[in-house]
Amino acid sequence: MGSLLIRLKRALTLTAAAANNFIIAVPGADDIMLNYQSTSVHDQLYIRDLLKVRRSLKFAKWLQNMEIADQNGKL
């Protein structure tokens with residue numbers, strides 16, 4: 001199971017590094033019996049941190065107003 005997660009993380013990193021700017025994150029969509037691992041919200045946070053990419057200004061302000069993120073953008 002660990003190697004599957006490593007392969008998923010590696011594939012996600014290569015996809016983002018290739019300038020793909022859209023992934024679909026579906027929380028809770030993993031299916032262990034079918035050996036299917038989907039991306040999650042944490043994966044997009046990982047990519048943003050790795051590549052030093054910020055959210056759009058309008059969305060970042062909304063997250064702060066809703067008290068979902070702090071002034072530094074951390075959830």
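**Entry 1: a surface patch.** I began with the outside of this predicted model and found a nonpolar patch on the surface made of V41, F59, W62, M66, I68 and L75. Together these residues have about 570 Å² of accessible area. I picked one of them, L75, for a closer look.

**Entry 2: L75.** Where does L75 sit relative to α3? I found L75 in the segment after that helix, which covers residues 57-65. Next I asked whether L75 is buried or exposed. Its relative accessible area is 54%, and exposed means over 50%, so L75 counts as exposed.

I then looked up what L75 touches, leaving aside its neighbours within four places in sequence. My list reads L45, R55, I68 and A69. I68 turns up here as a contact of L75, and I had already noted I68 in the patch. For L45 I also checked the backbone: its C-alpha atom and that of L75 are separated by 9.3 Å, with the two positions 30 residues apart along the chain.

**Entry 3: T13.** My other stop was T13, which I located in helix α1, residues 2-17. Is T13 buried or exposed? Its relative accessibility is 19%, and buried means under 20%, so T13 counts as buried.

Which side chain does the side chain of T13 meet in a polar contact? I found that of Y46, at 2.9 Å. Setting aside neighbours within four places in sequence, I listed Y46, I47 and L50 as the contacts of T13. Y46 therefore goes into my notes twice, as a polar partner and in the contact list, where contact means heavy atoms within 4.5 Å.

Technical notes:
Residues numbered from 1 in each chain as written. Predicted model: local features only at pLDDT ≥ 70, side-chain atom pairs only at ≥ 80, totals over all residues. Heavy atoms only, no water. Patch = residues over 30% accessible without salt bridge, like charges linked within 9 Å, V, L, I, M, F, W, Y side chains within 5 Å. Areas by Shrake-Rupley, 256 points an atom, 1.4 Å probe, with all protein chains shown as cover. Salt bridge = Lys/Arg side-chain N within 4 Å of Asp/Glu carboxyl O. Helix = DSSP H or I, 4+ residues; strand = E, 2+ residues; numbered from the N terminus. Buried < 20%, exposed > 50% of the residue type's maximum accessible area, 1.4 Å probe, protein only. Polar contact = N/O pair within 3.5 Å; in protein donor to acceptor, adjacent residues only side chain to side chain.
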